[in-house]
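Q: Please take one part of this structure and look at it closely, then follow the connections outward from there. I would like plain wording that a first-year student can follow.

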Amino acid sequence: MARGLYFGTKSSAKYSKDYWISKSAALTSALLVAEVILVALIIYFVPYTKIDWDAYMSQVDGFLGGERDYSNLKGDTGPLVYPAGFLYVYSAIKFLTGGQVLPAQILFGILYIVNLGIVFLIYQSIDVLPWWAFVLLCLSKRVHSIFMLRLFNDCVAMTMLHAAMLLLLYQKWHSALIIFSAAVSVKMNVLLFAPPLLLLVLKALSVKGILSCLLSAALVQVVLGLPFLLSYPKAYISRAFNLGRVFIHFWSVNFKFVPEEIFISKELASALLVIHLTLLLIFAHHKWCKYEGGLFNLLRSRVLNAINKLIHIQQFLHCESIIHVLRKDHIVAVMFVGNFIGIICARSLHYQFYSWYFFSLPFLLWKTPFPTIIRLLLFAGVEFCWNVYPSTSFSSLILLFLHLAILWGLWISPTEQPIAEKESCSSG
């Protein structure tokens, strides 16, 4: 009798999984078709908003004209503040579009569809959302605007980041780290994913694998920046990797309620950095490394393992790159939550920065133990705040409250097992 119940339950679970897969696959296919039509309508009917495109093209013209001093690469919105990958990407876009807006909009419309397809694949790999909730990934007015009507480099960087995450789900660590580093070279906001990614690397790879992955990522930065590093290294490093930029208070979506003199102060920047690092450590120790006995126990075991391998050099040279195959839902949880913590602690979020985490919102909400109606209200509230223009003290305060509510839900949610049952694949 018990055996019959067991197999009945197992069969029911398989049927439920197959039903979810078939429904989600049908829905995502329909959504992609609908989005292609919507993208075309937006490009054709909604006026383009001139913000950074002319500045991008001016900076690219300087680069293509032979300028290698970053301090001389400027546009009408100011100096170039992105790493070298940005110049290569927008040089290619200029080549394909002739620097014209309409062809660029079509190109970014294609990019939006590609990004959405990658995001759908990520969600289909982890079975966290109910199948109908995939619709939420298509419901942001602001994100459609960021891609098709603004042409921001955030769109390129986040598409590459999502591609890197998809590779992580299939344990292609070297390929993922290379694409991740390339994404950083387009826009540095991708570095918000660096701490959780480093933790995953420590959990999954051997010393040999860790070193080769990190060297591969570093080599990407060196190769992309080489023309500038060989000519004007100080200007390139100080401009492209400036972590101390002060944003304009007017454009802040998240801290508009803070008086401007406090908003631009170093004290606020330092306090937010301390909070950011503290939250990362707390989540890493109590949530992401729970099954390893905590963050410090994981670090101790990896250091001891590294010392042992380096002492026995033959073991180091012949060891496998991957020592653990991480569960897909664990990888996505650590990456998306780690980035979300950075979003909460960012001193200023401009409107295009919504693309940094919008596509993770449904996952984050369904990781919380909240009822579905609360999840949907939180989603709608966040979207509302990002569509208030210009932002107000009230809208930014509400956004902070909603972010903190989601973070609290993530903190009290059950912790997923990190290690997959079957551990067999290559590092990619």
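A: Just after helix α6, glutamine 171 has a positive phi of about 60 degrees. This is a value in a predicted model. Most residues other than glycine have a negative phi, and most peptide bonds are trans. That gives a reason to look at the helix before this residue and at what surrounds it.

Helix α6 covers residues 153–169. Its 17 residues should span 24 Å at 1.5 Å a residue, and its end C-alpha atoms are 25 Å apart, which agrees. The rest of the structure largely encloses α6, because 14 of its 17 residues are buried. Buried here means a relative accessible area under 20%.

Before α6 there is another positive phi. Leucine 151, in the loop between α5 and α6, has a phi of about 60 degrees although it is not a glycine. Its relative accessibility is 0%, so leucine 151 counts as buried.

Within α6, aspartate 154 is a residue to pick out. At 0% relative accessibility, aspartate 154 counts as buried. The side chain of aspartate 154 meets that of lysine 187 in a salt bridge, with 2.8 Å from N to O. Aspartate 154 lies in helix α6 and lysine 187 in the loop between α7 and α8, so the pair ties together parts that are 33 residues apart in sequence. Lysine 187 is buried too, with a relative accessible area of 7%.

The helix between these two partners is α7, residues 173–186. Helix α7 has 14 residues and reaches 20 Å from its first C-alpha to its last, close to the 20 Å expected at 1.5 Å a residue. Helix α7 is mostly covered, with 11 of its 14 residues buried. Among the buried residues are Trp173, His174, Leu177, Phe180 and Val184. The buried residues of α7 pack against α6, and also against α3 (84–97), α8 (194–204) and α9 (207–229). An α-helix has 3.6 residues a turn, so residues three or four places apart point the same way.

The salt bridge between aspartate 154 and lysine 187 can be set beside others. The structure holds 7 salt bridges. One of them joins the side chains of aspartate 127 and lysine 17, at 3.4 Å from N to O. This pair links distant parts of the chain, 110 residues apart: aspartate 127 is in the loop between α4 (101–126) and α5 (141–150), and lysine 17 is in helix α1. Aspartate 127 is partly exposed, with a relative accessible area of 34%, and lysine 17 is partly exposed at 32%. Aspartate 127 also has a positive phi, of about 55 degrees, although it is not a glycine.

A further salt bridge is between the side chains of aspartate 329 and arginine 327, with 3.1 Å from N to O. Aspartate 329 counts as buried at 16% relative accessibility, whereas arginine 327 is partly exposed at 32%.

Helix α1, the helix of lysine 17, also has residues at the surface. Valine 33 lies in helix α1, which runs over residues 2–45. With a relative accessible area of 53%, valine 33 is exposed. Valine 33 forms a nonpolar patch on the surface with Ile37, Leu41, Tyr44, Phe45 and Val46, and the patch has about 650 Å² of accessible area together.

The backbone has another feature to add to the positive phi values. The peptide bond from tyrosine 389 to proline 390 is cis, with omega near -10 degrees. Proline 390 is in the loop between α17 (372–386) and α18.

Helix α18, residues 393–412, contains histidine 403. Histidine 403 is buried, with a relative accessible area of 2%. Its side chain and that of tyrosine 357 are joined by a polar contact of 2.6 Å. Leaving aside neighbours within four places in sequence, histidine 403 is in contact with Phe340, Ile343, Ile344, Leu349 and Tyr357.

To return to the starting point: glutamine 171 comes just after α6, a helix with 14 of its 17 residues buried. The buried residues of α7 pack against helices that include α6, and the salt bridge of aspartate 154 and lysine 187 ties α6 to the loop between α7 and α8.

Conventions: Residues numbered from 1 in each chain as written. Predicted model: local features only at pLDDT ≥ 70, side-chain atom pairs only at ≥ 80, totals over all residues. Heavy atoms only, no water. Helix = DSSP H or I, 4+ residues; strand = E, 2+ residues; numbered from the N terminus. Buried < 20%, exposed > 50% of the residue type's maximum accessible area, 1.4 Å probe, protein only. Polar contact = N/O pair within 3.5 Å; in protein donor to acceptor, adjacent residues only side chain to side chain. Contact = heavy atoms within 4.5 Å. Patch = residues over 30% accessible without salt bridge, like charges linked within 9 Å, V, L, I, M, F, W, Y side chains within 5 Å. Areas by Shrake-Rupley, 256 points an atom, 1.4 Å probe, with all protein chains shown as cover. Salt bridge = Lys/Arg side-chain N within 4 Å of Asp/Glu carboxyl O. Expected span 1.5 Å × (residues − 1).
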